[in-house]
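The exercises below ask you to read a protein structure one element at a time, and each task is followed by a worked solution. Please look through the sequence and the structure before you begin.

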Amino acid sequence: MSGDAVRLLVLWCPDWPVVAAGAATGIPPLAPAAVFSANRVVTCSAAARRSGIARGMRRRDAQARCPELVVHQHDPDRDARLFEPVAAAVEAHAVGVEVVRPGIVAVPVAGAAGYFGGEEALAELLITEVEAHVGVECQVGVADGLFAATLAARRATFVPSGGAAAFLAPLSVAELDQPGDERGELVGLLQRLGLRTLGAFAALTEREVAGRFPRDAITAHRLARGLAQRPPVRRALPPDLAITETFEHPLERVDEAAFVAKTLGERFFAGLARHGFACTRLAITALTEAGEERVRVWRCAEPLTARATADRVRWQCEGWLTVRDGDRPSAGIVRLTLDPEEVVGGNALQLQLGSMGQDADAAERAARALVRIQGLLGPDAVCTPLLDGGRGPAERVRLIPWGEPRRPVLEDRPWPGRLPAPSPALVPSRAASVTVLDDAGDIVCCSERGELDRPPAMVALGDGPPRRVLAVAGPWIVRPTLPGQGRRPLVRLQVVLERDGEDLAMLLAGTVGADPQWTIEGDYD
């Protein structure tokens, strides 16, 4: 154990979507190939990477670099169905096998390693069995925690117990953006701030991360420190979280399983939600008409939605019903049980609204609810923000009524005098008055040529005492070009003020000429 992270062995099949697509279509494994979704590369083979193809590349660019590239369409059902023999081969020698996603399985090493004579011996056995029974190459890594063990598998490394944090420290923060995690924006933000390694990110305190980064950064910070993704749930679990469905007519076809999976997924998700839980490790148990029992555990990086639960049930049933080797059940499935082996608080599942969400069913329900609110309160009752053209932070944000096209109308214009980056973190809805003073206590004015008559030395916020100015940038003259901005030019200043404990960075705006009116336009903290 490292903190609350369990020591795991992860078996990784490189480029599994490409391998599965090639197996389904009969394409040689050494051919340059790539799997595409929405005309962008999801995964590519080693031969394709040697030609310069990378994840996220457009299809046109990829084919230009490698004209002989074999193109496959992304098919999660195919990937999961063909991965079942790999999971079965691992399960034949180890208990507690968990499918993280098609291409990756995790196994607790405590029992199996002792039985087979150590972690290295267990790893060698599993690699041999998978290659012999399934015919695919794989790599194995061992570490404390799923995240560290997955990265260790990609490097075929055995990380000593308690050494996960040291192993992760020199690695790039880009490793946080694993398939399905969708942390690309967070990784980009960390890199722009100069936090380029997991060790640099882990050196921040939890309070600093919670106060300055998005919500998902808290989970990423735990992973960078070598801890489990979330602290364990301390509440006692109700006994009725598992659901069981018995079928009068055995399930023998994939389309029957798909229909059942949707209903079970919705029931399972609703049952957990009633108790304030979300599932991160799902056990699927099938009983056949001949009395055979099949069990498979799916581990999930993020809590399962109803749709994600249904997908895993469908994938697993399809894998059991279509597997070609001797592990295929001899009769149809007469009972399915979904059991949450690991849960987290329901607040860990953050469903987004509208088309930006990852759960299409939830997005559709949200859209209907928002339209109903508009019908009761008017079209302007529900709005979404849009970043548009303009010079200042307030004028660049437009509120678009729900359902109307979200198209920028001002972005194509030139914007001389636009506020330089970074933008303020907070833009007040009502401008608060301030007074900008020099050393003698006189009000600072700005001419129409953009020249201050005296250097700012103090700023008084409202009726409060003046605060000393530590640094100043500007001024920038803004001449009105948009309707409603009046005719008098404005001047902007960026100032850093002295404050107890830490400095205060603000954006000020004032009128040009004598008797200026200064206000707070933005707060950078």
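**Exercise 1.** Determine in which sense strands β17 and β18 pair, and over how many bridges.

*Solution.* Bear in mind from the outset that the model is a predicted one. Begin with the two segments: β17 covers residues 490-497 and β18 covers residues 504-511, and they pair in the antiparallel sense over eight bridges. Next, take one position as a check on the register: Leu490 stands opposite Thr511 in β18. Finally, place the pair in its sheet, which is a closed barrel of six strands with antiparallel pairing, running β14-β15-β16-β17-β18-β19. Within this sheet, neighbouring strands are turned against each other by 45 degrees on average, direction being ignored.

**Exercise 2.** Explain why helix α12 can be described as largely enclosed by the rest of the structure.

*Solution.* The criterion for a buried residue is a relative accessible area under 20%. In α12, which spans residues 216-224, seven of the nine residues are buried, and the helix is therefore largely enclosed by the rest of the structure. The buried positions are Ala217, Thr219, Ala220, His221, Arg222, Leu223 and Ala224. Looking then for what covers these residues, one finds several helices, including α7 (146-154), α8 (164-168), α9 (184-192), α10 (198-202) and α11 (206-212). After α12 comes Gly226, which has a positive phi, near 85 degrees.

**Exercise 3.** Describe how helices α13 and α14 cross, and which classes of residue make up their contact.

*Solution.* First consider the geometry: the axes of α13 (residues 254-274) and α14 (residues 306-322) come within 7 Å and cross at roughly 145 degrees, and the crossing is right-handed. Then list the partners: on the α13 side they include Val254, Ala257, Ala261 and Phe268, while on the α14 side they include Ala306, Val313, Cys317 and Leu321. Sorting the contact by class gives eleven nonpolar, three polar and four charged residues.

**Exercise 4.** Identify the residues with the most contacts inside the largest nonpolar core, and the helix that supplies the largest share of this core.

*Solution.* The largest nonpolar core has 56 residues, and Leu11 and Leu336 have the most contacts inside it. Helix α4 (residues 76-91) supplies the largest share, seven residues. Turning to Leu336, and leaving aside residues up to four places away in sequence, its contacts include Ile243, Phe247, Leu251, Val260, Leu264, Val313 and Cys317. A second core, separate from this one, has 33 residues, among them Leu8, Val10, Ala143 and Val173.

How values were computed: Residues are numbered from 1 along each chain as its sequence is written. This is a predicted model: local features need pLDDT of at least 70, side-chain atom pairs count only at pLDDT 80 or more; totals for chains, interfaces and linings use all residues. Side-chain values use heavy atoms; hydrogens and water are left out. A nonpolar core is a set of buried Ala, Val, Leu, Ile, Met, Phe, Trp, Tyr and Cys residues joined through side-chain atoms within 4.5 Å. Buried means under 20% relative accessible area, exposed over 50%, partly exposed in between (1.4 Å probe, protein chains only). Helices (H or I, at least four residues) and strands (E, at least two) are DSSP runs, numbered from the N terminus. Contact means heavy atoms within 4.5 Å. Axes are lines fitted to C-alpha atoms, for helices over the stretch in contact, and angles run from 0 to 180 degrees between N-to-C directions. A crossing is left-handed if the near helix is turned anticlockwise from the far one by less than a right angle, and right-handed if clockwise. Ala, Val, Leu, Ile, Met, Phe, Trp, Tyr, Cys and Pro count as nonpolar, Asp, Glu, Lys and Arg as charged, and the others, Gly among them, as polar. Two strands pair if DSSP finds at least two bridges between them.
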